[in-house]
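Below are some comments for your reading of the model, set out as numbered points.

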Amino acid sequence: MSWRPDTTGAALVRGDVALGDDGLMTNRQWTEDEFRNLQARIDAARSLGYYHHIAITDRAGHTLATSGPHRTHRAMPVLEQAGFPRDLSGKSVLDIGCNAGFYSTSAWLRGARRVVGIDRCPHYIDQALLVREVLGLTSSEIEFRVADGHDLTADAEAFDVVINMGVVYHLQNPMDFLTKIAGLTRELMFLESEMLIDPALSDYAWFIEGKYLVDGSNWWIYGPGCLAGMARAAGFREATFSGFTWKPKPGTTTPEGTLRQGRGVLICRK
Ligand SMILES: C[S@@+](CC[C@H](N)C(=O)[O-])C[C@H]1O[C@@H](n2cnc3c(N)ncnc32)[C@H](O)[C@@H]1O
């Protein structure tokens, strides 16, 4: 069996790692014992919950998987259409709120010369380190560390490209955060977030405080126009809404009875 991925688009392959339509692949072959031990370690790391569902298949067709609800490889084609860079050759990339590291890995597969993934939750960084180990990669390919985006200072390392996905609605002080991130972005920020779907509300933001998807860390939902203005005020020369990547069926509500909103992407340039 070939370890190269089946894909409807161009395959992403770097060294012994690849990404296809069914997830990540490694040109390694686990023994039965290794496979069982790795899956047991992956399962043990879910004590505080997985968000990323990451599937990794070896040369013999054995698949290890993390158990989160966000089916990462299925999201990738939609994100690419919204402007997730296809080619990151020679770029340095910061992935803020990297979770179990799928998008950091994806940036490395796209040729990035340096990838750093940060997350404020140590258990997500533990998951990212485990996934990286399963792929046979090390810190020289992708560096993961526990850090809060709020604590990045003006003299922090700058990056050509920043991946900022699924984070800004979790922040109480988004302008402070975006200003810090703009200060360390050289070229482009890929900004993905919950967004208000009603076009009449595009220039507004909703302070959602404890009423959204049973997650007390959901504070704001922004209209695309509002978030674009915030990104420009934070220091980006240009912030363009590239569209919704997901929308609920009309009238869908959260368990709290709040109208469910969509997910969208802004491409922000320095
Ligand atoms: C909804 S998940 C998104 C994960 C990933 N970026 C993605 O799009 O699949 C939000 C992640 O951001 C992290 N996070 C939230 N606020 C953060 C902050 N201020 N600094 C760093 N990480 C943060 C959370 O711990 C969590 O892993």
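1. Before the helix pair is discussed, it helps to fix that axes here are lines fitted to C-alpha atoms, for helices over the stretch in contact, and that angles run from 0 to 180 degrees between N-to-C directions. Please also keep in mind that this is a predicted model.

2. With that convention, helix H5 (residues 174-184) and helix H6 (residues 224-234) have axes that come within 8 Å and cross at roughly 55°. The two helices, H5 and H6, are therefore oblique to each other, and the crossing in which H5 passes H6 is right-handed.

3. On the H5 side, the contact is made by Pro174, Met175, Leu178, Thr179 and Ala182, while H6 brings Met230, Ala231 and Ala234 to it. Sorted by class, the contact of H5 with H6 comprises seven nonpolar residues, one polar residue and no charged ones.

4. Turning to the ligand, 19 residues surround it, and the closest are Gly97, Asn99, Gly149, Met165 and Gly166. The shell around the ligand divides by class into eight nonpolar, eight polar and three charged residues.

5. Is His70 buried or exposed? His70 has 16 other C-beta atoms within 10 Å and is therefore partly exposed, since a residue counts as buried at 20 or more such atoms and as exposed at 12 or fewer.

6. His70 belongs to strand E7 (residues 70-71), and, leaving aside its neighbours within four places in sequence, His70 is in contact with Tyr51, His52, His53 and Ala75. By contrast, the C-alpha atoms of His70 and Asn173, which lie 103 residues apart along the chain, are separated by 25 Å.

Note on methods. Residues numbered from 1 in each chain as written. Predicted model: local features only at pLDDT ≥ 70, side-chain atom pairs only at ≥ 80, totals over all residues. Helix = DSSP H or I, 4+ residues; strand = E, 2+ residues; numbered from the N terminus. Contact = placed C-beta atoms within 7 Å. Near = placed C-beta within 6 Å. Nonpolar A, V, L, I, M, F, W, Y, C, P; charged D, E, K, R; others polar. Parallel < 35°, antiparallel > 145°, perpendicular 65-115°, else oblique. Left-handed = near helix turned anticlockwise from the far one by under 90°.
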